[in-house]
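The following exercises are to be worked with the sequence and the coordinates side by side. Each task is followed by a solution that goes step by step.

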Amino acid sequence: WGSLWLAQKQPDQAVQVIQAGLSANLDDVSSVLRGQYDLGLFTYEKFASLALTYPHILDQVSVVVIDEVQMLADESRGANLEFLMTVIATRSSEGARLQLIALSGVVGDTNGLERWLTARLLRRDERPVPLDEGIITGDGRRRFIDGVTGEETTTPGYVQRVATGKGLSQEIVIPLVRKLVDAGQQVIVFREQVGETRGCAEYLASALGLPPAKDAIERLPRGDQSMASSALRGVLGRGVAFHNSHLSPDERRVIEEEFRAIDSDIKVIVATTTLAMGVNTPASSVVVVGLEHPGDTPYSIAEYKNLVGRAGRLGFSEHGASYLVAMTGNDEHHYWQRYVLGAPEGLRSRFLDERSDPRSLAIRMLAASKRVAPRGLCGNDIAAFLERSFGGFQERERHGDAWC
């Protein structure tokens, strides 16, 4: 998306402004810099760029809310998020009056995050809606941890496998999703790859024979259609949707909103993991097929917990269930021990680890130095910035001031 700005100066203008924000050029930041908006929603990277290039924007802001703060530990985006939080912490130390609120539903040990931010930790480990978390095996057996009692339960023959002779996951996914939908549930199926989301949606649409999602089809953008757009209309005609990066932002938004609607005609969404990051798409049940990113990088426990956490959301359902597809005995053992029984990883900095290059972060600061400080930045400024980071804080916690 890049970024999205919303405003509500007057209640009767809210819808107009929100729609304008969705259709406007999202790279045009002049109105934001002039303080014309009450509420802004940004990606980590976009807001970090604005705060660094136009530091006065932080003087206009009283509260910064960072969602999914467990992304600090993410190998790909963790350094970007920490860069943003360090910029905010730096400006706060220089007199900017900012309240910072960091949110996460799947974090293990904070490893001092609250001390780094000079903040108060508010933590709740009880889930407001019970979640039966577990596995569906290749022979159709269900094994799960009861969300109320905490006991392990096994149900043999929960579904009857559809034999194709190929040993594919769809032999379990089809009868499982059919069972859940027949029980009146809405289901999210998470797949590893973009192409898998479309393929899975197509075979589920063919197998389930659901009524068309007419409202969603009617709301989709008109005009020239990509291959993904045409495929989306095809599966929506049979009550199923997919959600991935090949769709336009407007198409993804329609799918999200229609799935949340009361008495929605979309009974199943097949999506990549991005649907679980900052997008409110509650479901009755979640099915997870595969636990590796492209490049054979396994999901973290926090990522997995974030996926299954889409099931049984407060205000939408009274109970949730998750089904991690394990086609082999080895998969069942590994998934159960590592993911179902595992706790989310503790927060750790990616800012200064061996796979991050602090030099690139320094270059980002130097590139905007004339706007950050009229005299420009010197080496001491950059060193102080790195020391002020969460990574610097953790190093001092481990080694004392000698690390500096």
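Contact here means heavy atoms within 4.5 Å. This is a predicted model, in which local features need pLDDT of at least 70 and side-chain atom pairs count only at pLDDT 80 or more, while totals for chains, interfaces and linings use all residues. Residues are numbered from 1 along each chain as its sequence is written, and side-chain values use heavy atoms, with hydrogens and water left out.

**Exercise 1.** Determine which residues Leu204 is in contact with, leaving aside its neighbours within four places in sequence, and place Leu204 in its nonpolar core.

Solution. Beyond those neighbours, Leu204 touches Val173, Ile174, Val177, Val189, Val240, Val268 and Val270. A nonpolar core is a set of buried (under 20% relative accessible area, 1.4 Å probe, protein chains only) Ala, Val, Leu, Ile, Met, Phe, Trp, Tyr and Cys residues joined through side-chain atoms within 4.5 Å. The largest such core has 66 residues, and Val189 and Leu204 have the most contacts inside it. Its largest share, 7 residues, comes from helix 6 (residues 170–182), where helices (H or I, at least four residues) and strands (E, at least two) are DSSP runs numbered from the N terminus. A second, separate core of 34 residues includes Ile57, Val64, Leu72 and Ile382.

**Exercise 2.** Assign the residues of strand 3 (residues 63–66) to its covered and uncovered faces, and find the strand to which it is joined.

Solution. Val64 and Ile66 make up the covered face, whereas Val63 and Val65 lie on the uncovered one. In a regular strand the side chains alternate between the two faces of the sheet. Strand 3 runs parallel to strand 4 (residues 99–102), with 4 bridges joining them; two strands count as paired if DSSP finds at least two bridges between them. Within this pair, Val64 stands opposite Leu100 of strand 4.

**Exercise 3.** Locate Asn111 and Asp296, and compare the sign of phi in each with the general expectation.

Solution. Most residues other than glycine have a negative phi. Asn111, although not a glycine, has a positive phi of about 50°, and Asp296 likewise has a positive value, near 65°. Asn111 is found in the loop between strand 4 and helix 5, and Asp296 in the loop between strand 12 (292–293) and strand 13 (297–298). Asn111 is partly exposed (from 20% to 50%), because its relative accessible area is 32%; Asp296, at 60%, is exposed, a term that requires over 50%.
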